[in-house]
Amino acid sequence: MCSPQEFGMNAGGMRMVTRSRVLGPRARPRGGGEVAVPLRKGEASAGEKSHHPVKRQRKAQSLNVAYEASDGENGEGTEPVKAPSWEPQDWRQQLANIRTMRSGKDAPVDQLGVEHCYDPSAPPKVRRYQVLLSLMLSSQTKDQVTAGAMQRLRARGLTIESILQTDDNTLGTLIYPVGFWRTKVKYIKQTSAILQQRYDGDIPASVAELLTLPGVGPKMAHLAMTVAWGTVSGIAVDTHVHRIANRLKWTKKVTKSPEETRIALEEWLPRDLWSEINGLLVGFGQQTCLPVRPRCQVCLNQALCPAAQGL
């Protein structure tokens, strides 16, 4: 028999070799030295030629993997680069001028708007119902006419129960001459029944649910959320806001409907201005930026308004 020394082994049956394969984290030597490992059958000692062919190990291929930086890594505190958003030229100065012209708060909307049509002493559910009803009446109707109709309804005790107990002819007489009063009689009755059956006499607390009610459109829904629930859900755009936004070119392109205007405005107008813009522009449209023959000669935005340059 051969002695351990003939095979390059020490007395303990161990030899010193340098492995060609990568050591695991637990087998990694400290200080980069060699590691004592037991001989395996058929292995040759260091410095000794083997009688068996040696298989070459394939060179490991490295993969380059890109990861997004997460919290706690190098990307911490960084924000994705945002492309500059479009905004109208001179809009801040135009807005400041409109605020100056509206500082008197003496337009019809300031005295007769939806905020002034409900009974502030009524229970919360009744107040919210009255807010919604006044909005339904206001479509295609001047504020003065809407306020008159609401006064007549409130004089009889304006609740869901009282409306459902009122026959259609009487209800029509009370709300006349609001625009499309016959259609509104039908919508008011249908909506009131739905509120009683599905919402326990209250109005929905979301735009999506409000829009499912007969006779309720986007402008009404967003105003109801603001006035009745105290939540700013979007910009309420009526014919005044739609007209003025296009005259000032507050939209990238000409919009054809109030809803299209709302979407265009919300793309760039700071959210903290959303609740203000409706009342501000409605009153401005009632007093200065009229639908026909606007009073450009007294408007502070005459030099900044694209539409005024063409008049």
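**Burial, salt bridges and an internal cavity**

Of the 311 residues in the chain, 37% are buried. The model is predicted. Its secondary structure comprises 13 helices and two strands. Where contacts join residues at least 6 apart in sequence, 60% of them link residues at least 24 apart. The chain exposes an area of about 20,000 Å², of which carbon and sulfur atoms supply 51%.

Side chains of opposite charge can pair when their charged atoms come close. Seven salt bridges were found in a search of the whole structure. In one of the pairs, Glu276 is joined to Arg99, with 2.9 Å between the closest N and O atoms. Glu276 belongs to helix 12 (residues 274–287) and Arg99 to helix 1 (residues 91–101), so this pair ties together parts that are 177 residues apart in sequence. Both partners are partly exposed: the relative accessible area is 28% for Glu276 and 35% for Arg99.

A salt bridge is also formed between Arg102 and Asp110, whose closest N and O atoms are 2.8 Å apart. Arg102 has a relative accessible area of 1% and is buried. Asp110, at 16% relative accessibility, likewise counts as buried, the cut-off for this class being under 20%.

Asp202 forms a salt bridge with Arg128, and the closest N and O atoms of this pair are 2.8 Å apart. Asp202 is located in the loop between helix 7 (181–198) and helix 8 (207–210), whereas Arg128 is part of helix 3 (residues 124–138); the pair therefore ties together parts that are 74 residues apart in sequence. Asp202 and Arg128 are both buried. Elsewhere, Glu259, Arg262 and Glu266 are joined into one network by salt bridges that share partners.

Arg262 of this network is also one of the buried residues of helix 11 (residues 258–266). The others are Thr261, Ala264 and Leu265. The cover over the buried residues of helix 11 includes helix 9 (218–229) and helix 10 (239–247).

Helix 9 contains Leu223, a buried residue with a relative accessible area of 12%. When neighbours within four places in sequence are left aside, Leu223 is in contact with Leu135, Ala228, Ala236 and Asn278. The C-alpha atoms of Leu223 and Val207 are 9.7 Å apart in space, and the two residues are separated by 16 residues in sequence.

Internal empty space was also examined. Rolling a probe the size of a water molecule over the atoms shows where empty space is left. One cavity of 30 Å³ or more was found in the whole structure. The largest cavity holds about 60 Å³ of space. Its lining consists of Leu153, Arg156, Gly157, Leu158, Ser162, Ile163, Thr166, Leu171 and Leu174. Helix 5 (160–165) and helix 6 (168–175) each contribute at least two residues to this lining. By residue class, the lining of the largest cavity comprises five nonpolar residues, three polar residues and one charged residue.

Notes
Residues numbered from 1 in each chain as written. Predicted model: local features only at pLDDT ≥ 70, side-chain atom pairs only at ≥ 80, totals over all residues. Heavy atoms only, no water. 1 Å grid on protein atoms, 1.4 Å probe; cavity = no way out; pocket = protein on both sides within 12 Å on 5 of 7 lines; lining within 4 Å. Points joined across faces, edges and corners; volume = space filled by probe spheres on them. Helix = DSSP H or I, 4+ residues; strand = E, 2+ residues; numbered from the N terminus. Nonpolar A, V, L, I, M, F, W, Y, C, P; charged D, E, K, R; others polar. Buried < 20%, exposed > 50% of the residue type's maximum accessible area, 1.4 Å probe, protein only. Contact = heavy atoms within 4.5 Å. Areas by Shrake-Rupley, 256 points an atom, 1.4 Å probe, with all protein chains shown as cover. Salt bridge = Lys/Arg side-chain N within 4 Å of Asp/Glu carboxyl O.
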